[in-house]
Amino acid sequence: MFKAATSGPAKVVTANRLDNGLVVFLDPQGGWTLDIAEARILDDDEIDAALAYGKEQDDARIIVDSYAIDVQVTDGLAVPVRLREKIRAERGPTIVYGEAERTKLTAAAD
Amino acid sequence: MYRYDEFDQEFVTERVAQFRGQVERRLSGELTEDQFKPLRLMNGVYLQLHAYMLRIAVPYGTLNAEQVRMLAFIARKYDRGYGHFTTRQNLQFHWPALKDVPDILEHLASVEMHAIQTSGNCIRNVTADQFAGAAADEAVDPRPYAEILRQWSSLHPEFVFLPRKFKIAVTGAERDRAAIQVHDIGLHAKRDESGRIGFAVYVGGGLGRTPMIAHKIHDFLPEEDILSYCEAILRVYNLFGRRDNKYKARIKILVHETGAEEIKRQVDAEWERIRHSALALPDSEIERIQAYFALPADLTPRPAESVVLNRARVTNAGLNQWIDQNVVPHKISGHAIATISLKPIGGTPGDATAEQMELVADLAERYSHGEIRVSHEQNLVLPHLALDDLPAVYEALERAGLGTANAGLVTDIIACPGLDYCALANARSIPIAQRISERFGSQARQNEIGDLKIKISGCINACGHHHVGHIGILGVEKKGEEFYQLTLGGSGDETTSIGEIIGKGFSSDEVIDAVETVVDTYLAHRANADEDFLAAYRRLGQAPFKEALYGAT
């Protein structure tokens with residue numbers, strides 16, 4: 001099947017959890033997952049309803065600031081298009097930090 | 001150091017209780033995010049790229065050992081075992097859970113710390129020379145005045161909703177280590193011929209998307225007038241600063257659009273009205289605050305030369321290099337000030353693990369009369385070390401990965417958290433800093449290059465101070481890719497200048513080579529080894545650097 005010429009890129013809905021602030025993605029069951037591989041991939045015509053659901057979940061004090069991001073889907077897995085969202089989806093910075101960084105620098109110095 | 005009085009402690013304790021209630025109401029749904037956001041920001045809680053972020057105030061960059069130990073405890077218990085020291089001498093935790101923040105603030109309050117006014121359109125944490133009260137070249141200790149300003153500006157009812165945030169920096173030495181000319185108000189404490197203390201007052205400096213150097217509007221403001229004069233400046237700004245456009249709302253824009261002379265006239269007019277009010281500082285009050293900052297009683301002169309140190313320097317090349325680079329003279333004979341570099345080669349600028357913080361606290365207690373400072377260049381400082389103790393201090397720092405001998409050198413890079421952490425960033429800063437650090441990591445090469453300040457920002461808000469970097473690097477996003485624009489010739493010292501854009505930006509792959517080209521061009525063109533990068537650039541101008549980067553035009 002060819003995708004309709006008018007349709008935009010696939011999307012997923014993302015937010016931060018209210019209690020601990022961590023990045024989450026809307027999953028197919030209406031829950032929120034830390035793993036973008038488990039995110040629900042949305043077509044154009046599903047976005048509005050998903051964002052409305054995000055707003056409800058915001059009101060229900062589960063998440064904060066939900067919004068949709070563009071993703072590239074490869075073998076069923078969503079990969080964010082923008083670098084900002086790629087980094088968010090990685091659940092942390094692109095560099096090692098804290099004790100792990102200290103260990104790495106110590107190893108490099110030896 | 002200043003110690004909270006009953007009013008300070010009560011105020012901070014009440015604020016923790018108030019915020020605890022606000023967090024409870026947010027989590028129970030009584031407050032929406034729109035209602036809660038301004039409340040959390042007033043308490044230093046941001047929602048960043050990956051998680052909440054808590055920014056903790058370090059007034060004028062001064063900490064005691066107990067406070068640093070508490071920061072380490074919080075890092076371990078509530079965060080991910082580390083913290084990030086910022087260009088405003090503050091500390092940020094990148095991973096606290098909202099539900100834990102009231103407990104964190106309660107712990108902080110127990111050691112006289114808080115996160116109040118670390119965000120929002122108010123007067124932010126007052127910053128100062130990190131060597132204050134210790135530097136041999138200091139005329140006046142700026143900390144008592146910074147403390148007086150802190151007390152005046154804390155929850156000042158008139159200045160809680162300014163057009164935009166407002167930053168004050170104070171120094172008391174001719175050598176400006178506090179970048180006062182790129183602050184909303186910069187104060188330079190000095191003495192006149194009779195020994196009287198006064199301030200040169202600078203206003204309207206700033207970085208961000210519209211960098212500007214402050215204008216001096218007073219040569220020598222008597223110390224008793226510091227509050228009335230600052231209040232007059234804030235009043236003029238609060239009345240006439242723009243509120244229609246957040247990008248034009250800082251006082252630098254007001255000063256620029258109105259003209260420094262007219263601003264001075266308005267400030268002076270308001271000052272005349274209020275200078276004899278309750279804001280006039282009595283000598284007794286200045287002396288009362290100064291007493292908190294007296295040198296430790298047992299910090300007494302020692303022989304100017306240390307046999308122990310001199311002997312150790314001969315046999316320990318690492319120590320010798322560290323003394324040369326990271327240690328500067330103290331005002332008391334036989335003592336020194338040491339910069340603890342938070343810039344290990346290839347590391348994240350400004351980060352310290354809980355274990356490292358505890359070590360610094362231990363060393364401060366044992367060797368530095370319990371005092372620690374944070375510099376705006378994202379390093380720590382032990383301000384009061386006996387020369388005899390330097391070998392032991394160095395050995396302990398070195399074992400903990402804190403002995404890097406690079407203060408002021410090419411690898412002592414300022415970098416904002418950038419797109420690795422920050423919701424506003426367009427590009428990453430930290431990996432660029434790490435790659436530059438690795439490229440120039442050899443001590444011999446760093447020594448050959450000499451003083452060179454590289455400053456990196458991941459967006460135009462310029463938290464990484466790139467405008468005043470000798471080499472400034474600004475990250476931008478272009479068609480989904482990170483690009484980096486180089487500026488040359490900036491400086492944040494007493495000869496402040498804004499760096500000039502050298503040409504089109506470089507991709508992430510190209511930018512390290514570009515920086516190396518700039519450095520090599522400097523080495524090839526400098527008059528001699530004593531002409532540092534900034535002096536050479538000011539003499540040479542852009543041309544040789546442009547040609548080396550982009551070819552002959």
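In the predicted model, strands β11(B) and β12 (residues 335-340) of chain B are paired in the antiparallel sense through 3 bridges. Within this pairing, B:V327 has B:A338 of β12(B) as its bridge partner. Both strands belong to an open sheet of 5 strands in chain B, arranged in the order β3-β14-β15-β12-β11, with antiparallel pairing. The edges of this sheet are occupied by β3 (62-64) and β11 (327-329) of chain B; each has a single partner strand, so one side of each is left without a neighbour in the sheet. From one strand to the next, the twist averages 30 degrees.

Helix α12 (residues 354-367) of chain B lies across three strands of the sheet, namely β12, β14 (371-374) and β15 (380-386) of chain B. Relative to β15(B), the helix runs at about 25 degrees.

The edge strand β11 of chain B also contributes to a pocket: together with α11 (317-326) and α17 (533-540) of chain B, β11 is among the elements that each supply at least two residues of the lining of the second largest pocket. The volume of this pocket is about 760 Å³. Its lining comprises 34 residues, of which B:R175, B:R177, B:E377, B:G408 and B:K453 are the closest to the pocket centre. By residue class, the lining of the second largest pocket divides into 13 charged, 11 polar and 10 nonpolar residues.

Key
Residues numbered from 1 in each chain as written. Chains lettered and ligands numbered in written order. Predicted model: local features only at pLDDT ≥ 70, side-chain atom pairs only at ≥ 80, totals over all residues. Heavy atoms only, no water. Pairing = 2+ DSSP bridges. Helix = DSSP H or I, 4+ residues; strand = E, 2+ residues; numbered from the N terminus. Axes fitted to C-alpha atoms, helices over the stretch in contact; angles between N-to-C directions. Contact = heavy atoms within 4.5 Å. 1 Å grid on protein atoms, 1.4 Å probe; cavity = no way out; pocket = protein on both sides within 12 Å on 5 of 7 lines; lining within 4 Å. Points joined across faces, edges and corners; volume = space filled by probe spheres on them. Nonpolar A, V, L, I, M, F, W, Y, C, P; charged D, E, K, R; others polar.
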